[in-house]
Amino acid sequence: MHENTRRALKKIANLIDHGRFPANCFLPAERKLCGELGIGRGALPAIFRQLAATGYVRVESGRGVRVLPRAGTPGLRRMLMVENADFARCSSSEHLKILGGLVQAAGAIGAEASLLFFMPGTPTESLIERYTHGEFQAIALIEHMDLADTGRLL
């Protein structure tokens, strides 16, 4: 890696560490970023690969380069949506659209959402243990959804 590229990499990492580019935001457009860093656009792929490898960013095809939450920083990284399996079996297409919207909303802030179906009366100790150990930062329990006002929810 060329010395100017190495300096630019350190500068971006430093800017992320000091909050100039907070978690879940996108880095500026390539031209603007190159202008700020004094480098050519050809150097950016190597910089982005290195930042992704060290957990600073995630390159999202067609969207840009998203800053990831750093260790020790608060923020939702993974959410588990737990749904009553009986309710899920009789759900409507609107219900599925709402679940899809929750997954998209989590993705928009850089979080991952997983969906788990459970039977009523299933012990929850394993879920609580997974939460306690930091596997998830949030658990959303969906037992019943009144779909009368679906339009507003969608």
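1. In this predicted model, the point to take up at the outset is where the lining of the largest pocket comes from. Helix H6 supplies four residues, the largest share of that lining. The elements that contribute two or more residues to the lining are strand S4 (112-118), helix H6 (125-132) and strand S5 (138-142).

2. The space in the largest pocket amounts to about 170 Å³. Its lining consists of Val82, Leu116, Phe118, Thr122, Pro123, Thr124, Ser126, Leu127, Ile128, Tyr131, Ile139 and Leu141. Sorted by class, the residues of this lining are nine nonpolar and three polar, with no charged residue.

3. For orientation, the overall architecture may be stated briefly. The protein contains seven helices and five strands. Read from the N terminus, the order of the elements is α-α-α-β-β-β-α-α-β-α-β-α. Of the 154 residues in the protein, 32% are buried. When contacts between residues at least 6 apart in sequence are considered, 68% of them join residues at least 24 apart.

4. Helix H1 spans residues 3-17 and has 15 residues. From its first C-alpha to its last, H1 reaches 21 Å, close to the 21 Å expected at 1.5 Å a residue. After H1 comes Gly19, with a positive phi near 85 degrees.

5. The buried residues of H1 deserve separate comment. Thr5, Ala8, Leu9, Ile12, Ala13, Leu15 and Ile16 are buried in this helix. Viewed down the axis of H1, the buried residues fall within an arc of 160 degrees, so they line one face of the helix. As background, an α-helix has 3.6 residues a turn, so residues three or four places apart point the same way. The cover over the buried residues of H1 includes helix H2 (30-37), helix H3 (44-53), strand S1 (57-60) and strand S2 (64-67).

6. Thr5 offers a single-residue view of helix H1, in which it is found. Thr5 has a relative accessible area of 10% and counts as buried because this value is under the 20% cut-off. Leaving aside residues up to four places away in sequence, Thr5 touches Ala43 and Ile47. Ile47 is itself one of the buried residues of H3.

7. Helix H3 can be described in a similar manner. Its buried residues are Leu44, Ile47, Phe48 and Leu51. These cover an arc of only 95 degrees around the axis, which puts them on the same side of H3. They pack against H1, H2, S1 and S2. On the face of H3 turned away from the buried side are the exposed residues Arg49 and Ala53. Just after H3, Gly55 has a positive phi of about 80 degrees.

8. Tyr56 is located in the loop between H3 and S1. Its relative accessible area is 11%, and Tyr56 is buried. The C-alpha atoms of Tyr56 and Arg66 are 8.6 Å apart in space, while the two residues are 10 residues apart in sequence.

9. The backbone at Asn24 should also be noted. This residue is placed in the loop between H1 and H2. Its phi is near 75 degrees, a positive value in a residue other than glycine. With 21% relative accessibility, Asn24 counts as partly exposed.

10. Val67 connects several of the preceding points. Val67 belongs to strand S2 and is buried at 0% relative accessibility. Along the chain, Val67 and Asn24 are 43 residues apart, yet 5.1 Å separates their C-alpha atoms. Apart from residues up to four places away in sequence, Val67 touches Ile16, Phe21, Pro22, Ala23, Asn24, Cys25, Leu27, Tyr56 and Val57. Among these partners, Ile16 is one of the buried residues of H1, Asn24 lies in the loop between H1 and H2, and Tyr56 lies in the loop between H3 and S1.

Definitions and conventions: Residues numbered from 1 in each chain as written. Predicted model: local features only at pLDDT ≥ 70, side-chain atom pairs only at ≥ 80, totals over all residues. Heavy atoms only, no water. 1 Å grid on protein atoms, 1.4 Å probe; cavity = no way out; pocket = protein on both sides within 12 Å on 5 of 7 lines; lining within 4 Å. Points joined across faces, edges and corners; volume = space filled by probe spheres on them. Nonpolar A, V, L, I, M, F, W, Y, C, P; charged D, E, K, R; others polar. Expected span 1.5 Å × (residues − 1). Buried < 20%, exposed > 50% of the residue type's maximum accessible area, 1.4 Å probe, protein only. Arc of directions from axis to C-beta. Contact = heavy atoms within 4.5 Å.
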